[in-house]
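Welcome! Here are a few short exercises, each with a worked solution, to help you find your way around a new fold. Try each task yourself before reading on.

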Amino acid sequence: MSGANNSSLTPKFFILNGVPGLEAAHIWISLPFCFMYVIAVLGNSGLIYLIGHEEALHRPMYYFLALLSLTDVTLCTTTVPKMLCIFWFNLKEIDFNACLAQMFFVHTLTGMESGVLMLMALDRYVAIRCPLRYSTILTNPVIAKAGLATFLRGVMLVIPFTFLTKRLPYCRGNFIPHTYCDHMSVAKVSCGNFKVNAIYGLLVALLIGGFDIFCISVSYTMILRAVVSLSSTDARQKAFSTCTSHLCAIAITYVPALFTIFTHRFGGQNIPHHAHIIIANLYLILPSTLNPIVYGVKTKQIQEGVIKLFFKEKDILAMK
């Protein structure tokens with residue numbers, strides 16, 4: 001098929017069908033997602049504000065946490081509002097270019113989230129292995145450069161998704177059985193050969209996720225060796241306790257992510273399609289919802305910062 005024919009078979013818009021097979025339950029499905037989205041926006045925005053305003057939290061660990069919170073709140077905002085419009089108002093249309101833009105941001109930000117978790121693992125290693133040089137190694141310019149490099153990595157690897165998807169002919173219609181524009185969900189609507197999309201998508205998942213998981217594994221192996229070598233039991237417990245929140249965040253992010261990636265490609269017939277869609281949405285919003293809660297519960301400095309900020313605001317109101 002020629003390029004001219006391909007362009008003539010590009011739809012003006014797609015129809016996002018939501019959760020196929022569960023259309024009657026869309027309102028009920030929307031309620032927990034709406035609740036999680038509100039918690040995600042309030043929790044992550046609160047963390048960013050707290051880290052920005054509390055001088056005691058102006059440390060590399062919390063700067064990385066603020067970057068993770070910014071990534072999380074942006075990521076869930078790219079998908080959840082549109083999903084709620086589908087569920088509540090039956091607004092299923094999405095412009096073709098808007099669909100490509102949503103696809104770009106979803107995959108770039110999921111790559112960014114993975115990268116920030118990897119940077120946080122390296123941060124924990126430096127803090128435990130070189131505590132006296134921690135602030136001199138992870139300076140503000142180093143943190144900014146690491147964050148920018150992580151973002152640019154995602155952008156450079158995800159940009160081809162849009163071109164690979166745009167080149168495909170869409171002669172089977174424009175219905176996408178999903179709540180957002182995922183790369184493979186859009187490619188599978190095409191009547192053309194999307195094998196290149198599938199191979200490149202898996203390659204990107206391995207380059208980003210595989211590399212980050214490898215770095216996290218190496219970091220925690222070295223952390224474990226460093227902690228075991230400490231002579232004091234209290235020192236070992238304190239060192240381990242600084243990692244628990246991060247380990248929870250890793251589990252919350254990677255378990256649904258890996259499930260989504262591999263079942264999409266290898267388990268298509270064994271798992272109901274509506275289960276794929278629900279888990280794919282949980283994969284995007286669950287980390288955003290739970291990360292602020294996990295760090296708030298597990299991190300003493302954040303708890304103290306919240307209490308201090310609360311009483312400061314209370315004192316200001318009392319003075320007025």
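**Exercise 1.** At what angle do helix 3 and helix 10 pack, and how far apart are their axes?

*Solution.* Keep in mind that you are looking at a predicted model.
- Step 1: Find helix 3 at residues 60–89 and helix 10 at residues 273–298. They pack at an angle of about 140°, and their axes are 9 Å apart.
- Step 2: Name the arrangement. Angles over 145 degrees would count as roughly antiparallel, so helix 3 is oblique to helix 10.
- Step 3: Add the handedness: helix 3 passes helix 10 in a left-handed crossing.
- Step 4: Look at who meets whom. On the helix 3 side, the residues include Leu65, Leu68, Asp72 and Met83, and on the helix 10 side they include Asn281, Leu284, Pro287 and Tyr295. Sorted by class, this contact has ten nonpolar, four polar and one charged residues.

**Exercise 2.** Now describe how helix 3 is placed against helix 6.

*Solution.*
- Step 1: Helix 6 covers residues 140–166, and its axis comes within 11 Å of the axis of helix 3, crossing at roughly 30°.
- Step 2: Angles under 35 degrees count as roughly parallel, and therefore helix 3 and helix 6 are roughly parallel to each other. Their crossing is right-handed.
- Step 3: Helix 3 contributes Pro60, Tyr63, Phe64 and Leu67 to the contact, while helix 6 contributes Asn140, Ile143 and Gly147. By class that gives five nonpolar, two polar and no charged residues.

**Exercise 3.** Is Thr289 buried or exposed? Find its partners as well.

*Solution.*
- Step 1: Thr289 sits in helix 10. Its relative accessibility is 5%, so Thr289 counts as buried, the cut-off being under 20%.
- Step 2: Follow the side chain of Thr289 to the backbone oxygen of Met36, which it reaches at 3.1 Å. A polar atom of this side chain also lies 2.9 Å from the backbone oxygen of Ile285.
- Step 3: Leaving out residues up to four places away in sequence, Thr289 touches Met36, Ile39 and Ala40.

**Exercise 4.** Which residues does Phe96 touch, not counting those up to four places away in sequence?

*Solution.*
- Step 1: Locate Phe96 in helix 4, residues 96–129. With 4% relative accessibility, Phe96 counts as buried.
- Step 2: List the contacts of Phe96: Thr10, Pro11, Lys12, Phe13, Phe14, Lys166 and Tyr170.
- Step 3: Check one pair along the chain. Phe96 and Phe14 are 82 residues apart, yet their C-alpha atoms are separated by 6.2 Å.

Key
Residues numbered from 1 in each chain as written. Predicted model: local features only at pLDDT ≥ 70, side-chain atom pairs only at ≥ 80, totals over all residues. Heavy atoms only, no water. Axes fitted to C-alpha atoms, helices over the stretch in contact; angles between N-to-C directions. Helix = DSSP H or I, 4+ residues; strand = E, 2+ residues; numbered from the N terminus. Parallel < 35°, antiparallel > 145°, perpendicular 65-115°, else oblique. Left-handed = near helix turned anticlockwise from the far one by under 90°. Contact = heavy atoms within 4.5 Å. Nonpolar A, V, L, I, M, F, W, Y, C, P; charged D, E, K, R; others polar. Buried < 20%, exposed > 50% of the residue type's maximum accessible area, 1.4 Å probe, protein only. Polar contact = N/O pair within 3.5 Å; in protein donor to acceptor, adjacent residues only side chain to side chain.
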